[in-house]
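Me: I should like to learn how the features of a protein model are read, one at a time. Please give the general idea first and then the case at hand.

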Amino acid sequence: MEIIRKRAYARAGLIGNPSDGYHGKTIAFTIRQFFAEVTLYDWPKVEIVQSVDDQSSFRSIKDLFDDVRLHGYYGGVRLIKATIKRFYEYCDEKQLELHDRNFSIRYSTTIPRAVGMAGSSAIIVATLRALMEFYNIDVPQHVQPSLALSVETRELGIAAGLQDRVVQIYEGLVSMDFATDVMTVEDGMECGRYEGLSSENLKNVYVAFSLEAGEPTYVVHNPLRARYQAGDPDVLQAMETFANLTVQAKSAIEKGDTAQLHELIDRNFDTRASICSISPSQRLMIETARGVGASAKFAGSGGAIVGTFSDQQMFNDLKAALLKIHCETIQPQMNV
């Protein structure tokens, strides 16, 4: 029996987000401490096995309500089902022949849920990797993020951008450009320009996330997208600012200019706060980190933050201060 196991890692948006869905530029990195893993093996029929995260038993009606609000009606199973459907559709459109063996597939995840660390896209990317190996299909690497994104946008109607899928497929520290003049269309999907960066000069970085329930990504992205599509000048200007911050941050990383990077990260959050509603609990995370001297911005849609610190003493102070407001702080492992 062939057993295939594939992983995709959590990610943190270092700079530029959320402009990836709005023809901007971003830099992000994977966090190898947390991952989604998909296991696929030969089986008499195609079967998707529920994981422990796909609950059907609840302590109360409120627990059921909270679970559905945060995770939808089907948990990770709907993500896997939609990925399989899109993979088959892609292969059919490309006239790529699939063998007739069937499989059972299941997933597990250690990525903290509902805190904006790309847990959903990790399940999709890991599933896509497993299917590609099982069927011996080679989807070009730069197309894979767009195919993964289409699972959520086309199949499930979820507003999202390319950043998470790009960094999870390329891994490490990745610079991304989604400007209109660099985007290309391949296999009917838009693809940006992606570049792996050295993390050698990016040592003193932290990620912190809330140990309490967050909120679904669409709560942030759906209103923002509506304003963007309506031509809201504040949103359009903010997206341009995010892109400019990313260009400067890339240069700062390459030069090892930690002071400039610190400033740019803070400006990223301040720009975001000018166009998005920030909940008091999430603003407290930012203020707590800044209170000990660290830079801070959201790592994703909210519930997790990322930034830089100057030395080990500051990191220790940061970890202690954030723990008091029920947040865990780590130094992310970006590369193998």
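Reply: Let us begin with helix α5 (residues 163–170) in this predicted model. A residue counts as buried when its relative accessible area is under 20%. By that criterion 7 of the 8 residues of α5 are buried, so the helix is largely enclosed by the rest of the structure.

Me: Which residues of α5 are the buried ones, and against which elements do they pack?

Reply: The buried residues are Gln163, Asp164, Arg165, Val166, Val167, Gln168 and Ile169. They pack against the strands β1, β2, β5 and β8 (193–197), and against the helices α3 and α4.

Me: How is the arrangement of side chains around a helix to be understood in general?

Reply: An α-helix has 3.6 residues a turn, so residues three or four places apart point the same way. In α5 the buried residues include both Val166 and Val167, and 7 of the 8 residues are buried.

Me: How many residues of helix α3 are buried, and what is the span of α3 from its first C-alpha to its last?

Reply: In α3, 14 of the 17 residues are buried, so this helix too is largely enclosed by the rest of the structure. Helix α3 covers residues 119–135 and reaches 25 Å between its first and last C-alpha, close to the 24 Å expected at 1.5 Å a residue.

Me: What should one look for in the backbone angles?

Reply: Most residues other than glycine have a negative phi, and most peptide bonds are trans. Ala118, in the loop between β4 (103–109) and α3, has a positive phi near 65°. Asn136 follows α3 with a positive phi near 55°, and is found in the loop between α3 and α4 (144–155). Just after α5, Glu171 takes a positive phi of about 65°.

Me: Are Ala118 and Asn136 buried or exposed?

Reply: Ala118 counts as buried because its relative accessibility is 9%. Asn136 counts as exposed because its relative accessibility is 69%, and the cut-off for exposed is over 50%.

Me: Where is there a cis peptide bond?

Reply: The bond from Asn17 to Pro18 is cis, with omega near 15°. Pro18 lies in the loop between β1 (3–15) and β2 (25–42).

Me: What is in contact with Leu224, leaving aside its neighbours within four places in sequence?

Reply: Pro18 is one of these contacts, together with Tyr22, Val235, Met239, Ile275 and Cys276. Leu224 belongs to helix α6 (residues 218–229) and is buried, with a relative accessible area of 3%. As a distance across the chain, the C-alpha atoms of Leu224 and Ser60 are separated by 33 Å, with their positions 164 residues apart in the numbering.

Me: How does one read a buried position in a strand?

Reply: One may take the element, the accessibility and the contacts in turn. Ser175 is in strand β5 (residues 173–177) and counts as buried at 10% relative accessibility. Beyond its neighbours within four places in sequence, Ser175 is in contact with Thr26, Ile27, Arg193, Tyr194, Glu195, Leu197 and Lys250.

Phe209 offers a further case, in strand β9 (residues 205–210). Its relative accessible area is 5%, so it is buried. With the same neighbours in sequence set aside, its contacts include Phe34, Pro112, Val115, Met117, Met285 and His326. The C-alpha atoms of Phe209 and Met117 are separated by 8.8 Å, although the two residues are 92 apart along the chain.

Me: What share of the contacts with a separation of 6 or more comes from residues 24 or more positions apart?

Reply: Such residues account for 76% of those contacts in the chain. The chain as a whole has 10 helices and 12 strands, and 54% of its 336 residues count as buried.

Me: What radius of gyration does the chain have, and what would a compact globule have?

Reply: A compact globule of 336 residues would have a radius of gyration near 20 Å, and the chain agrees, with 20 Å. Along its principal axes the C-alpha trace spans about 60 × 50 × 40 Å.

Me: How are the surface and the charges to be summarised?

Reply: The accessible surface comes to about 15200 Å², of which 48% belongs to carbon and sulfur atoms. The chain has 34 positive and 42 negative charges, and their mean positions are 3 Å apart.

How values were computed:
Residues are numbered from 1 along each chain as its sequence is written. This is a predicted model: local features need pLDDT of at least 70, side-chain atom pairs count only at pLDDT 80 or more; totals for chains, interfaces and linings use all residues. Side-chain values use heavy atoms; hydrogens and water are left out. Helices (H or I, at least four residues) and strands (E, at least two) are DSSP runs, numbered from the N terminus. The radius of gyration is taken over C-alpha atoms; the globule rule is 2.2 Å times the number of residues to the power 0.38. Buried means under 20% relative accessible area, exposed over 50%, partly exposed in between (1.4 Å probe, protein chains only). Contact means heavy atoms within 4.5 Å. Accessible areas come from the Shrake-Rupley method with a 1.4 Å probe; for residues, only the protein chains shown count as cover. Lys and Arg count as positive and Asp and Glu as negative; His and the chain ends are not counted. The place of a charge is taken as NZ of Lys, CZ of Arg, CG of Asp or CD of Glu. The expected span of a helix is 1.5 Å times one less than its number of residues.
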